[in-house]
Amino acid sequence: MLWSERRELNRSNISPMFSWSSELKLSLSEAGAVQLAAQGLIKSPKKRATKADVLREIRRMGGLQIDTISVVARSQHLVLWSRLGEYNEEWLDELHAEGALFEYYSHAACYLPTEDFRLYRHKMLEAKNRDGRGKDLSAADQESLNKLHEHIRHAGAVRSSDFDRVGAAGAGWWDWKPEKLALERLHLAGIVMISKREGFQRLYDLRERVLPDWDDALALPAADARRELIIKAVRALGIASPKWVSWYFYNSLKRYHSIRAIPPVLSQLVDEGTLIEIKVDGLPFYIHRENIEWAERAAAGRLKPTLTTLLSPFDPLVRDRDRALELFGFHYRIEVYVPEEKRKHGYFSLPILHRGRIIGRLDPKAHRKQGVFEVKSIHLEPGIPITDVMVSDLAQTLKKCAAWHKTPEVVIRLSDPPELAGPISAELANSA
């Protein structure tokens, strides 16, 4: 009898204490299929995306990382496209402005479902009257924050660009002017929130104006919030080791010194029946009970990934580089910060997901004015054979991605192996 069938029989039981861990064993490749299913990356969507689908995917992932790089679509949009196909990018801004999403720091700066505000509020309250390193603010800094707070209260929402820089700019990546730094401190403390974005400019407003119905009595204590985030991480990952869990909501689970506390919580959640412990290549892993049917299908050989797509470097599937290596055998390094002459794969190379495997990466550039989607280079992983199915899937993926960028002409400059570019270009020409 499958665990999912036994679950139905146990719904009427008084005690939730059960475990079928010894009955279900997976290989690493089968675990990978479960993770793809949980992440919405196992097959192409059957219908055109709606705004509700955008919110659903963010809820599925637990958060959507925000990044500024725009050689192609910004990361937050590329992550959604990988799962939804072509969609209206304005929907993300609309969901934010409508209050379905809020911006805060999870593993990084993210769009988060507003119902999860209660999981992060304790971090905001802990950050009040503290600087970015957790130290008490000086009297002068506190006075500056108070003045800015009052300015927003009376003048309304502001952007950092509303304030002129005094003095010359420095050369650092994070050379923020004082008002920008103050706005970020107020945001970290939840005194102000980002009400919306205008272009890519953040608009900061008072928390009580952005979330007027919020009551701090709803905020979960830190330990309870971390427990909920652990559950959300396991659910989003599909199947997880304790280390993978600790990295999924990095700032909330690792930097807050809870990594040693994660295994006991996982064990408690198994005892309660929320999670199931199973074996992957003989090692203990955890799966949320809502995902157990995917694990059963994978173990029976009936969970077959068919999606081919491009992934953002910050996609939840690959942003934990160690997990990507362990689960998919894919070693990834983003080369944005690497000097050009030392780059191996390109400035913003995108991992290529092909039917359950990460088979390579390509370095794209969308020339929007010219209508050209340039593939500066495409590299397959060592030992990956070129097949007709791969060529067809890659050509269709590039065609769809280029059309979404409104750059319909696809040009491939270089490929490794060299014999890959020709067949893809020919397939693109035949499908034009």
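This report walks through aromatic pairs, helix packing and a few backbone oddities in a predicted model.

## Aromatic contacts

Let's start with the rings. The structure holds 11 aromatic pairs. One of them joins F102 and Y120, edge-to-face, with 6.2 Å from centre to centre and 70° between the planes. Because F102 belongs to strand 3 (residues 101-105) and Y120 to helix 6 (residues 117-127), this pair ties together parts that are 18 residues apart in sequence. F102 is buried at a relative accessible area of 2%, and Y120 is buried too, at 1%.

Y120 also pairs with Y104: here the ring centres are 6.3 Å apart and the planes sit at 70°, so this is an edge-to-face pair. Again the link runs between strand 3, home of Y104, and helix 6, home of Y120, with 16 residues separating the two. Y104 has a relative accessibility of 2%, so it counts as buried. Which residues make up the aromatic cluster? F102, Y104 and Y120 are in it, together with Y105, F117 and W214.

Two arginines also turn up over rings. The charged end of R74 sits over the ring of F200, 4.2 Å from the ring centre. R319 does likewise with Y248, its charged end lying over the ring at 4.5 Å from the centre.

## Two helix pairs

Next, the helices. Here are two packed pairs side by side.

| Helix pair | Angle between axes | Distance between axes |
|---|---|---|
| Helix 2 (residues 28-38) and helix 15 (residues 321-328) | about 125° | 9 Å |
| Helix 3 (residues 51-61) and helix 4 (residues 75-84) | about 105° | 11 Å |

How are helix 2 and helix 15 oriented, with an angle of about 125°? That angle makes helix 2 oblique to helix 15. On the helix 2 side, the contact uses L28, A31, G32, Q35 and L36, and these meet R323, E326, L327 and F328 of helix 15. Sorted by class, that contact has five nonpolar, two polar and two charged residues.

Helix 3 and helix 4, at about 105°, are therefore roughly perpendicular to each other. D53, V54, R56, E57, I58 and M61 of helix 3 meet V79, L80, R83 and L84 of helix 4. By class, this contact has six nonpolar, no polar and four charged residues.

## Helix 2 and its surroundings

Why is helix 2 described as largely enclosed by the rest of the structure? Eight of its 11 residues are buried. Those buried residues run A31, G32, A33, V34, Q35, L36, A37 and A38. After helix 2 comes G40, with a positive phi near 75°.

Over in helix 15 we find R323, an arginine that is buried, with a relative accessible area of 2%. Setting aside neighbours within four places in sequence, R323 is in contact with Q35, L237, W244, Y248, P316, L317 and F328. Q35 is one of the buried residues of helix 2, and Y248 is the residue whose ring lies under the charged end of R319.

Y248 shows up once more in the surroundings of A236. A236 sits in helix 10 (residues 222-237) and is buried at a relative accessible area of 1%. Apart from neighbours within four places in sequence, A236 is in contact with A38, Q39, R60, M61 and Y248. Of these, A38 is a buried residue of helix 2, while M61 is among the helix 3 residues that meet helix 4. By contrast, the C-alpha atoms of A236 and L203 are separated by 30 Å, with their positions 33 residues apart along the chain.

## Backbone details in loops

Finally, some loop geometry. The peptide bond from D416 to P417 is cis, with omega near 10°. P417 falls in the loop between strand 14 (415-416) and helix 17 (421-431).

Where does D281 lie? D281 is in the loop between strand 7 (275-280) and strand 8 (283-288). Its phi is near 50°, positive in a residue other than glycine. D281 counts as exposed, because its relative accessibility is 52% and the cut-off for that class is over 50%.

R355 lies in the loop between strand 10 (350-354) and strand 11 (357-367). R355 is not a glycine, yet has a positive phi of about 50°. At 37% relative accessibility, R355 counts as partly exposed.

Key:
Residues are numbered from 1 along each chain as its sequence is written. This is a predicted model: local features need pLDDT of at least 70, side-chain atom pairs count only at pLDDT 80 or more; totals for chains, interfaces and linings use all residues. Side-chain values use heavy atoms; hydrogens and water are left out. Rings of Phe, Tyr and Trp (its six-membered ring) pair if their centres lie within 6.5 Å; planes under 30 degrees apart count as stacked, over 60 as edge-to-face and the rest as tilted. Helices (H or I, at least four residues) and strands (E, at least two) are DSSP runs, numbered from the N terminus. Buried means under 20% relative accessible area, exposed over 50%, partly exposed in between (1.4 Å probe, protein chains only). A charge sits over a ring if NZ of Lys or CZ of Arg is within 6 Å of the ring centre and within 35 degrees of the ring normal. Axes are lines fitted to C-alpha atoms, for helices over the stretch in contact, and angles run from 0 to 180 degrees between N-to-C directions. Angles under 35 degrees count as roughly parallel, over 145 as roughly antiparallel, 65 to 115 as roughly perpendicular and the rest as oblique. Contact means heavy atoms within 4.5 Å. Ala, Val, Leu, Ile, Met, Phe, Trp, Tyr, Cys and Pro count as nonpolar, Asp, Glu, Lys and Arg as charged, and the others, Gly among them, as polar.
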